[in-house]
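Open the model in your viewer and keep the selection tool ready. This tour goes stop by stop.

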Amino acid sequence: MSPTGGVLTAALALPHTGATAVLALPRAGDEPPVTIPRDPAREAAKRELSKRMYHENDPSLVQRALNAFWDWVGKLFNAASAATPGGTLGLVVIVLAVLAVLAALWWRLGTPRRTPAPSAALFDDRPRSAAEHRAAAEAHAAQGHWNQAVQERMRAVVRSLEERALLDPRPGRTADEAAAEAGRTLPSHMDGLRAAARDFDDVTYGGRAAASSTYHRLTELDRDVERTKPVLTSSGHSAAHNTRHGAAS
């Protein structure tokens, strides 16, 4: 402390800052020095440090939160590195391996289906003829829209079977149901019809993209089915019955 022009100045060390606050107390020249207790000095220092001028360059609340988050990420990474054989390099290798496995599964299985295929109808709009579905399929194919082209060509196949009375017209029929029913009267195309139904389900409900080869394969199936004569169970049964009857005679 030092008297200066009748004013007693006291230098106080501010806690946690290293700064110094100066308190000035008036006194007469012949008065003894004034001793300030510790607690009032601490309170005075807090009041001084609470002024806005000392906090103009402090980080914002968002910045403090981000800093705390990245500190937590750093600690977590360091802990994982310490627990992984090979340290940081080993951890990086493990992470890359996991990402590679997930990418392979996604590429192999595709996007998970959100709507089960058997519950969705093959036809979802106004009734159209097989010729109309074929024309729509060709228009989509000409523009490279293979998903829509595959959908319309499958609808053309099923509508053609309905027009030939090989399938009963039934609203709400699924592609799988149509393939199973048509395969009984067209056994030579049973496998092709089932494959076409799977392609339809994959592009319509499975989130997969069709290729031009898928559409061309379905187009060939449509043409083959159109030229194939059905196997009628009742006729076959009658022929077998007549053969047995003639042999017995």
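Which side chains meet in a salt bridge at 3.5 Å, N to O? Select E220 and R223: their side chains form that bridge. Keep in mind that this is a predicted model.

**Stop 1: along helix α8**

Stay with E220 and R223. Both sit in helix α8, three residues apart, so about one helical turn separates them. E220 has a relative accessible area of 41%, which makes it partly exposed. R223 is partly exposed as well, at 43% relative accessibility.

Now select D224 and R227. These two form a salt bridge, with the closest N and O atoms 2.8 Å apart. They too lie three residues apart in helix α8, about one turn of the helix. Is R227 buried or exposed? At 60% relative accessibility, R227 counts as exposed. Its partner D224 is partly exposed, with a relative accessible area of 28%.

**Stop 2: where α7 packs on α8**

Select residues 190-204 for helix α7 and residues 212-227 for helix α8. Two packed helices are described by the angle between their axes and the distance between the axes. Here the angle is about 140°, and the axes are 11 Å apart. The cut-off for roughly antiparallel is over 145 degrees, and α7 and α8 are therefore oblique to each other. Their crossing is left-handed.

Which residues make the contact? On the α7 side, show G192, L193, A196 and D199. On the α8 side, show T214, R217, L218, L221 and V225. Color this set by character: five are nonpolar, two polar and two charged.

**Stop 3: a pair in helix α5**

Move to helix α5, residues 146-163. Select R159 and E162. Their side chains meet in a salt bridge at 2.6 Å, N to O. The two are three residues apart in α5, so they are separated by about one helical turn.

Are these two buried or exposed? Buried means under 20% relative accessible area. R159, at 14% relative accessibility, therefore counts as buried. E162 counts as buried too, at 9%. Compare the α8 pairs again: E220 is partly exposed, and R227 is exposed.

**Last stop: the wider set**

How many salt bridges does the structure hold? There are 14. To finish, keep R159 and E162 on screen and return once more to R227, which is exposed at 60% relative accessibility. Then add R170, R173, E177 and E181: salt bridges that share partners join these four with R159 and E162 into one network.

Notes:
Residues numbered from 1 in each chain as written. Predicted model: local features only at pLDDT ≥ 70, side-chain atom pairs only at ≥ 80, totals over all residues. Heavy atoms only, no water. Axes fitted to C-alpha atoms, helices over the stretch in contact; angles between N-to-C directions. Helix = DSSP H or I, 4+ residues; strand = E, 2+ residues; numbered from the N terminus. Parallel < 35°, antiparallel > 145°, perpendicular 65-115°, else oblique. Left-handed = near helix turned anticlockwise from the far one by under 90°. Contact = heavy atoms within 4.5 Å. Nonpolar A, V, L, I, M, F, W, Y, C, P; charged D, E, K, R; others polar. Buried < 20%, exposed > 50% of the residue type's maximum accessible area, 1.4 Å probe, protein only.
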